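Open the model in your viewer and keep the selection panel at hand. The tour goes from one selection to the next.

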Amino acid sequence: MDSQIILSLLAASGVVTILLFVVRGLLDQLPDVFAAWHRAKKAYRADASPTDEGRDVEDHEADMRE
């Protein structure tokens with residue numbers, strides 16, 4: 001009976017250790033995931049917006065008023 005309690009405690013501590021290791025690994029990857037997400041959003045917005053190469057902001061505002 002005593003050895004069964006000890007084995008159960010060792011098994012539980014092993015499971016907790018593995019879970020903590022996995023959670024730490026996932027949390028370490030989050031900054032890279034967020035940075036990639038922001039880069040993807042920025043690239044999508046750059047592709048989706050029309051480029052006005054020969055026009056400046058004042059010309060664009062004047063067109064919007066008309």
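Select V23, L27, L30, V33 and F34 and show their side chains: together they form a nonpolar patch on the surface, with about 440 Å² of accessible area. The model you are looking at is a predicted one.

Stay with one member of the patch, V33, which lies in helix α1. Is V33 buried, partly exposed or exposed? Its relative accessible area is 48%, so V33 counts as partly exposed, a class that ends at 50%.

Next, select L30, another residue of the patch. Helix α1 bends by about 30° at L30. Include P31 in the selection as well, since this proline follows within four residues of the bend.

Now select the whole of α1, residues 2–48. The helix has 47 residues and reaches 68 Å from its first C-alpha to its last, which is close to the 69 Å expected at 1.5 Å a residue. How many of the residues of α1 are buried? The number is zero, so the helix lies largely in the open.

Move along α1 to S8, which has its place in this helix. S8 has 44% relative accessibility and therefore counts as partly exposed. Add Q4 to the view: its backbone oxygen lies 2.9 Å from a polar atom of the S8 side chain. In an α-helix there are 3.6 residues a turn, so residues three or four places apart point the same way.

Finally, select the whole protein chain. Its secondary structure comes to two helices and zero strands. Of its 66 residues, 0% count as buried. The chain exposes about 6500 Å², and carbon and sulfur atoms supply 65% of that area.

Note on methods: Residues numbered from 1 in each chain as written. Predicted model: local features only at pLDDT ≥ 70, side-chain atom pairs only at ≥ 80, totals over all residues. Heavy atoms only, no water. Expected span 1.5 Å × (residues − 1). Bend = angle between axes of the 7 residues up to and from the residue. Buried < 20%, exposed > 50% of the residue type's maximum accessible area, 1.4 Å probe, protein only. Patch = residues over 30% accessible without salt bridge, like charges linked within 9 Å, V, L, I, M, F, W, Y side chains within 5 Å. Areas by Shrake-Rupley, 256 points an atom, 1.4 Å probe, with all protein chains shown as cover. Salt bridge = Lys/Arg side-chain N within 4 Å of Asp/Glu carboxyl O. Polar contact = N/O pair within 3.5 Å; in protein donor to acceptor, adjacent residues only side chain to side chain.
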